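This note is intended for a colleague meeting the structure for the first time. Please read the numbered points below alongside the sequence and the model.

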Amino acid sequence: LMQQLRPAVTGINVYECFQGKRVCIDANVWMHAFAATNAEQCLAGNHSDALDGMCKRVQRILEGKVYPIFVFDGCGIPAKALTEKDRKRRKLQAQKLMVDAIDKHRVTSKKAQPGPSTSDVDGTVVGRQPDAHTPAKGHSTKERDAKCAREGADKEESGEVKGEESTGQQPARYEWRHKYSSKIVTLMQQSVDVTWELTEAFINYLRSIGIPYVMAPYEGD
């Protein structure tokens with residue numbers, strides 16, 4: 001639905017348009033976005049960075065005098081059973097491809113490690129010669145930094161609010177992406193899911209600062 005509506009979407013300044021007003025926010029959109037941003041940690045069962053990102057965004061909303069009500073998805077809609085089945089199939093496929101890709105990445109990385117240095121008769125250190133296909137030092141890192149900054153901005157903008165990191169500077173929680181190719185990063189983001197642990201932690205945070213929330217009877221798009 002969001003892809004079909006995207007051509008009609010117009011960017012707005014949330015704080016100017018909704019200052020002093022109460023707005024409903026799809027909590028699951030936020031959780032999916034921040035789980036994807038922190039996919040490696042979330043796949044390992046660590047949701048602290050994803051939760052921290054959501055908490056910071058809530059504080060920015062409140063500082064802008066916008067008063068949110070968070071809506072959490074309820075149970076699945078029977079009419080969407082086939083859609084949910086297809087989503088589960090695609091997620092399981094992404095997880096399998098992710099595991100295979102990471103295994104290949106580890107094997108390749110191990111082979112690419114330089115061998116032990118040796119010294120010739122006059123004391124000159126001789127090491128492994130650089131591979132002809134290896135990019136110049138720093139080149140691939142800069143490309144990855146730029147790509148991660150763009151991807152991070154996309155993930156931070158989950159529809160309702162502009163993310164807190166929009167300056168192009170690489171936040172610490174994106175550093176995990178440097179270890180993998182863009183293909184693996186994408187597969188990890190497609191494999192991650194919103195767990196009850198993350199949902200419960202976010203609800204407890206909202207309770208602690210008095211932000212209202214509701215649990216919808218059914219899942220909504």
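1. The largest nonpolar core has 35 residues, and those with the most contacts inside it are Trp30, Phe70, Phe72, Phe202 and Leu206. A nonpolar core is here a set of buried Ala, Val, Leu, Ile, Met, Phe, Trp, Tyr and Cys residues joined through side-chain atoms within 4.5 Å. Two or more residues of this core come from each of β1 (22-26), α3 (27-37), α4 (39-43), α5 (48-63), β2 (67-72), α6 (81-112), α8 (182-191) and α9 (196-208). In soluble globular proteins, nonpolar side chains tend to be buried together.

2. On the basis of the model: it is a predicted one, in which local features need pLDDT of at least 70 and side-chain atom pairs count only at pLDDT 80 or more, while totals for chains, interfaces and linings use all residues. Residues are numbered from 1 along each chain as its sequence is written, and side-chain values use heavy atoms, with hydrogens and water left out.

3. The chain as a whole has nine helices and five strands. Helices (H or I, at least four residues) and strands (E, at least two) are DSSP runs, numbered from the N terminus. Along the sequence these elements follow the pattern α-α-β-α-α-α-β-α-β-β-α-α-α-β. Of the 221 residues in the chain, 30% are buried; buried means under 20% relative accessible area, exposed over 50%, and partly exposed in between, with a 1.4 Å probe and protein chains only. Among contacts (heavy atoms within 4.5 Å) between residues at least 6 apart in sequence, 79% join residues at least 24 apart.

4. The packing of α5 with α9 deserves attention. Their axes are 10 Å apart and make an angle of about 30°, which means that α5 is roughly parallel to α9. Axes are lines fitted to C-alpha atoms, for helices over the stretch in contact, and angles run from 0 to 180 degrees between N-to-C directions. Angles under 35 degrees count as roughly parallel, over 145 as roughly antiparallel, 65 to 115 as roughly perpendicular and the rest as oblique. The contact is formed by Ala50, Leu51, Met54, Cys55, Val58 and Gln59 of α5 with Leu198, Ala201, Phe202, Tyr205 and Leu206 of α9. By class, these residues are ten nonpolar, one polar and no charged. Ala, Val, Leu, Ile, Met, Phe, Trp, Tyr, Cys and Pro count as nonpolar, Asp, Glu, Lys and Arg as charged, and the others, Gly among them, as polar.

5. Helix α5 also packs with α3. The axes of α3 and α5 come within 8 Å and cross at roughly 130°, and α3 is therefore oblique to α5. On the α3 side the contact involves Trp30, Met31, Phe34 and Ala35, and on the α5 side Ala50, Gly53, Met54, Arg57, Val58 and Ile61. This contact of α3 with α5 comprises eight nonpolar residues, one polar and one charged.

6. A further pair is α3 and α9, whose axes are 11 Å apart at an angle of about 120°; the two helices are therefore oblique to each other. Ala27, Trp30 and Met31 of α3 meet Leu198, Thr199 and Phe202 of α9. Five nonpolar, one polar and no charged residues make up the contact of α3 with α9.

7. Which residues does Met54 touch, leaving aside its neighbours within four places in sequence? They are Trp30, Met31, Phe34, Leu198 and Phe202. Met54 belongs to helix α5 and is buried, at 0% relative accessibility. The C-alpha atoms of Met54 and Tyr205 are separated by 9.8 Å, although these residues are 151 residues apart along the chain.

8. Two loop positions complete the picture. Gly20 is in the loop between α2 (14-18) and β1 and is exposed, with a relative accessible area of 53%. Not counting residues up to four places away in sequence, Gly20 touches Lys65 and Tyr67. The C-alpha atoms of Gly20 and Val66 are 5.5 Å apart, with these positions 46 residues apart in chain numbering. Lys65 lies in the loop between α5 and β2 and is partly exposed, at 47% relative accessible area. Lys65 has a positive phi of about 60° although it is not a glycine.
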